[in-house]
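This briefing takes up internal cavities, charged pairs and two individual residues. Please keep the sequence and the structure in view while reading.

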Amino acid sequence: MRNPLNSFIEDIPPSGIRKFFDIVGEMDGAISLGVGEPDFDTPWHVREEGIYSLVKGKTFYTSNAGLKSLREAITGFVKRHYGMSYDPEGEVLVTVGGSEAIDLAFRAMLERGDEVIIPEPCFVSYKPCAILAGATPVTIPLKEENHFKLQPEELLSHITDRTKLLFISYPNNPTGAVMEREDLEKIAQIVEEKDLYVISDEIYSELSYTGKPHVSIASLPGMRDRTIVINGFSKAFAMTGWRLGYACGPERILHQMLKIHQFAIMCAPTTAQYAAVEAMNKGDDDIAEMREAYNQRRRYLLEKFAELGIPCFPAQGAFYLFPCIKKFGMSSEEFAMRLLETEKVAVVPGSAFGDSGEGFLRISYAYSLRDLKRAMERIGRFVKTLPQ
């Protein structure tokens, strides 16, 4: 019988995050620190708008690009928070989560033979999406001594005559690293000189603990027309299950992304869009409250890892820590599996985020402080059994 499968799909490994999540689902008494999903409920006033839209029978397709009121709310939010201006008529696209926006951007911009530079460690979907778009992902291993920031010389050394795109994501999943204005300015200069484009995944833009406002590379001189900004509602507004994201960028590119979206999706969920209008317009206080809670958890975990003698990069954004477990002489996969089997605590091996993540673990603190305290007691017990 002829093989019915696409060889590209067969060759792509499954997510290294979901593997441990699935095991935990069948293990009594397990604590998961593996999934990046807020433990907060979606704010009530946001849920109420979604419910009200159903009560009023607003259950029909929206415009392919999304509700005009939502696109206008997005442009207002982006202007208010990041100082960037976009036209809601042609430069904003509402998508099914930030994940769809990433896929659309890759497919609209990349051709077979193009190279896209992706710094690692990075979220698990970036390289597969580039491959599915027919392009070649070129990874740059980032270094902890550089605070997991992309360095100009690293970028320059990986650019070839086939390089078309640079993909960046800050605040970063899994490291929690942040790139500030002065860091991004050096990268932007190279992007302009080499005539590249940028996709910037800024889904964690509202979860930064530096005390400084988030800076998008698209806000820098000369970068607006070279950058697609990806964002969404899952992390900042605790709306993971609503499946809603958005992309902002030049109309020339957004028009082609919209075309793919039309044929593949039609439009993002209508109920979620009505709720998101409320989130964009009146959700700033909710973000601040959740951000403060995450920051409290971040500080707690950093203190506990220091007490255990486990080096841990002091994350400045998102809701992940990336402790180094190299001194224990085992792979991150082996460490995570033994921890799960011995103490029923699930974490994600750093290798799930690329080769440069080997020797690290991703710990999510999008969980209650109570769960984090219980998990750290178990991790401490496990570590005491290991040769130091």
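A cavity is here a set of grid points where a 1.4 Å probe fits but cannot get out. By this rule the predicted model holds three cavities of 30 Å³ or more. The model also holds 20 salt bridges, and several of these are described below together with a buried arginine that has no such partner.

**Largest cavity**
- The largest cavity encloses about 60 Å³ of space, and its lining includes Ile118, Pro119, Pro121, Cys122, Tyr126 and Leu142, together with others such as Phe167, Ile168, Ser169, Tyr170 and Asn172.
- Strand S3 (115-120) and strand S5 (163-169) each supply at least two residues of this lining, and the largest share, three residues, comes from S5.

**Salt bridges between distant parts of the chain**
- The side chains of lysine 68 and glutamate 89 form a salt bridge at 3.5 Å, N to O; this pair links helix H4 (residues 68-82), where lysine 68 lies, with the loop between H4 and strand S2 (92-95), where glutamate 89 lies, over 21 residues.
- Lysine 164 and aspartate 114 meet through their side chains at 3.8 Å, N to O, and this pair, 50 residues apart, links strand S5 with the loop between helix H5 (97-109) and S3.
- In that pair, lysine 164 is partly exposed, with a relative accessible area of 26%, whereas aspartate 114 is buried, with a relative accessible area of 15%.
- Glutamate 180 and lysine 212 are joined by a salt bridge at 3.1 Å, N to O; glutamate 180 lies in the loop between S5 and helix H8 (181-193), and lysine 212, 32 residues apart from it, in the loop between strand S6 (197-201) and strand S7 (227-232).
- Glutamate 180 counts as buried because its relative accessible area is 16%, while lysine 212 is partly exposed at 48%.

**Arginine 378**
- Arginine 378, placed in helix H13 (residues 369-384), is buried yet has no salt bridge, since the nearest side chain of opposite charge, glutamate 343, is 5.2 Å away and a salt bridge has to be within 4 Å.
- A polar atom of the arginine 378 side chain lies 3.3 Å from the backbone oxygen of lysine 344.
- Leaving aside residues up to four places away in sequence, arginine 378 touches Gly29, Ala30, Ile31, Glu343, Lys344 and Val345.

**Isoleucine 253**
- Isoleucine 253 lies in helix H9 (residues 251-264) and is buried, with a relative accessible area of 12%.
- Not counting residues up to four places away in sequence, isoleucine 253 touches Met109, Tyr197 and Ile228.

Conventions
Residues are numbered from 1 along each chain as its sequence is written. This is a predicted model: local features need pLDDT of at least 70, side-chain atom pairs count only at pLDDT 80 or more; totals for chains, interfaces and linings use all residues. Side-chain values use heavy atoms; hydrogens and water are left out. Helices (H or I, at least four residues) and strands (E, at least two) are DSSP runs, numbered from the N terminus. Buried means under 20% relative accessible area, exposed over 50%, partly exposed in between (1.4 Å probe, protein chains only). Lys and Arg count as positive and Asp and Glu as negative; His and the chain ends are not counted. A polar contact is a pair of N or O atoms within 3.5 Å; within protein, one must be able to donate a hydrogen and the other to accept it, and residues adjacent in sequence count only if both atoms are side-chain atoms. Contact means heavy atoms within 4.5 Å. On a 1 Å grid over the protein atoms alone, a cavity is a set of points where a 1.4 Å probe fits but cannot get out, and a pocket is an open set with protein on both sides within 12 Å along at least five of seven lines; lining residues have an atom within 4 Å of a point. Grid points are joined across faces, edges and corners, and a volume is the space filled by probe spheres set on the points.
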